[in-house]
Amino acid sequence: MPENPRDDFDDDASADVPSEPDEGRLDLDEDRTADPADERRTNRSGARKALIGVLCVLLVLGVGGASAVWLFQRSLMNNIESLGDPFAGVTDRPVPTTSTDVPDDAASTINFLVLGSDSRISAGDPTQWTYGAQRTDTIMLVQIPADRKHVYVMSIPRDSWVPIPDHGEAKINAAFSYGGPPLLIQTVEDLTGVRIDHFVVTDFESFKNITDDLGGVVLDLKEDFTVDGVTIPAGEQQTLDGAQALKWVRERYSLPRGDFDRVQRQQAWMRAIAAKVRNSGVLTNPVQLTSLLTTLSSSISADDGLTSDVLRNLALDLRGLSTGDITFFTAPYSGTGRSDDGQSIVLLDDAALAPLMEAWRNDDLGAYLGANGSTLDRLPAVVN
């Protein structure tokens, strides 16, 4: 039976997954609708490794440019951890996403699965992966359409109750705990019917350092917020440092909708970082940009399929992207409840998810959101 969302997501409520840790309005218009033993991986070209960082800047920050590429290639090439090929064991895969509204010679639609893990290293290094030892806090499906005019980010609540291949029904984050990246990819592809092209893991704790590198981020607060004895008053355009923003994102017990509100706080933090990068001049300041990209590149892992050619093309294609071109929303859900064994779970709305995913597979999200956006749990200008 559905429950009060504030009662959900106790970190130790799961019987089959290890207990989980808790986790602006600057020119925004949101509603505008290695393995060390593998010498081959660790010694790949600096350009290829460096450009993975640029991709993450594009996805998470919505910005990019030649200066970032140059700085990565010059000094940040050893920071990115390789995931190898996480798709090797994935079977019965969906067909690639295609668009009928762009020329035949246009770029292809690209889908990413982005995972926020408590440990980027243990998530990315197969030699360190242990059954039941990895934990995930954030799961996001990201699409860059063929026309390269937008980026769509759909958060999947970590406690969504879904079928996991060879494991029955469980919370979706259990897939990563049971079988690492391949099983999580298989689970998400089976759930959505969307073929995932690339897999990225980030340590969201590092967003604290990214925030500090930017001199803080600007957020609108509905209520007073206190961290380490310092109270930030409610109101518009309040600046939070990294520790304050991290605590703000991790809060959920006092939020009206529990973890659903926390998901939107994660999205809002990402949006605020994008806005700060775009509006603060960091992209034209070599010292600040180097510091930011060093922090960012040290906090991500990615699959080997992201070649330098793919990433360079993305950097060029998305160079005009603005924060208003990034749309955040949460996978449709009908409520919350309890599993037969007593776990607190999220109940996805299959009837609403199906047409959304059809639009996703057909690269038609813009039109779908234009007609149905009010029915989705989209990131508002101000979150709880």
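Start with the salt bridges of this predicted model, of which there are 9 in total. Side chains of opposite charge can pair when their charged atoms come close, and the stops below take up several such pairs before moving on to the packing of helices.

Select arginine 158 and aspartate 137 first, and display their side chains, which meet in a salt bridge with an N to O distance of 2.9 Å. The two partners come from distant parts of the chain, 21 residues apart, with aspartate 137 lying in strand S3 (residues 136–144) and arginine 158 in the loop between strand S4 (151–155) and strand S5 (161–164). If you add a surface, bear in mind that arginine 158 and aspartate 137 are both buried. Now extend the selection to Asp259 and Arg262, since these residues, together with Asp137 and Arg158, are linked in a network of salt bridges.

Move next to arginine 257, which sits in the loop between helix H7 (242–250) and helix H8 (259–280). Which side chains meet that of arginine 257 in salt bridges? One is aspartate 261, at 2.8 Å from N to O, and another is aspartate 377, at 3.0 Å from N to O. The pair of aspartate 377 and arginine 257 links distant parts of the chain, for aspartate 377 belongs to strand S16 (residues 377–378) and the two residues are 120 residues apart.

Are these three residues buried or exposed, or does one of them fall in between? Aspartate 261 has a relative accessibility of 1% and therefore counts as buried. Aspartate 377 is also buried, because its relative accessible area of 17% is under 20%. Arginine 257, by contrast, has a relative accessible area of 22% and is therefore partly exposed.

From this loop, select helices H7 and H8 as a pair; their axes are 8 Å apart and the helices pack at an angle of about 150 degrees. Because that angle is over 145 degrees, H7 and H8 are roughly antiparallel to each other. To see the contact itself, show Gly242, Ala245, Leu246, Trp248, Val249 and Arg250 on H7, and Arg262, Arg265, Gln266, Ala268 and Trp269 on H8. Coloured by class, this contact of H7 with H8 comprises 6 nonpolar, 2 polar and 3 charged residues. Arg262, on the H8 side of this contact, is also one of the residues in the salt-bridge network visited earlier.

Keep H8 on screen and add helix H6 (residues 206–213), which packs against H8 at an angle of about 30 degrees, with the axes 11 Å apart. Because this angle is under 35 degrees, H6 is roughly parallel to H8. H6 passes H8 in a left-handed crossing, and the residues to display are Phe207, Lys208, Ile210 and Thr211 of H6 with Trp269, Met270 and Ile273 of H8. By class, the contact of H6 with H8 has 5 nonpolar residues, 1 polar and 1 charged. Trp269 of H8 takes part in the contact with H6 and also in the contact with H7.

Finish at asparagine 372, in helix H12 (residues 365–372). With a relative accessibility of 26%, asparagine 372 counts as partly exposed. A distance drawn from its C-alpha to the C-alpha of leucine 356 gives 9.0 Å, the two residues being 16 residues apart in sequence.

Definitions and conventions:
Residues numbered from 1 in each chain as written. Predicted model: local features only at pLDDT ≥ 70, side-chain atom pairs only at ≥ 80, totals over all residues. Heavy atoms only, no water. Salt bridge = Lys/Arg side-chain N within 4 Å of Asp/Glu carboxyl O. Helix = DSSP H or I, 4+ residues; strand = E, 2+ residues; numbered from the N terminus. Buried < 20%, exposed > 50% of the residue type's maximum accessible area, 1.4 Å probe, protein only. Axes fitted to C-alpha atoms, helices over the stretch in contact; angles between N-to-C directions. Parallel < 35°, antiparallel > 145°, perpendicular 65-115°, else oblique. Left-handed = near helix turned anticlockwise from the far one by under 90°. Contact = heavy atoms within 4.5 Å. Nonpolar A, V, L, I, M, F, W, Y, C, P; charged D, E, K, R; others polar.
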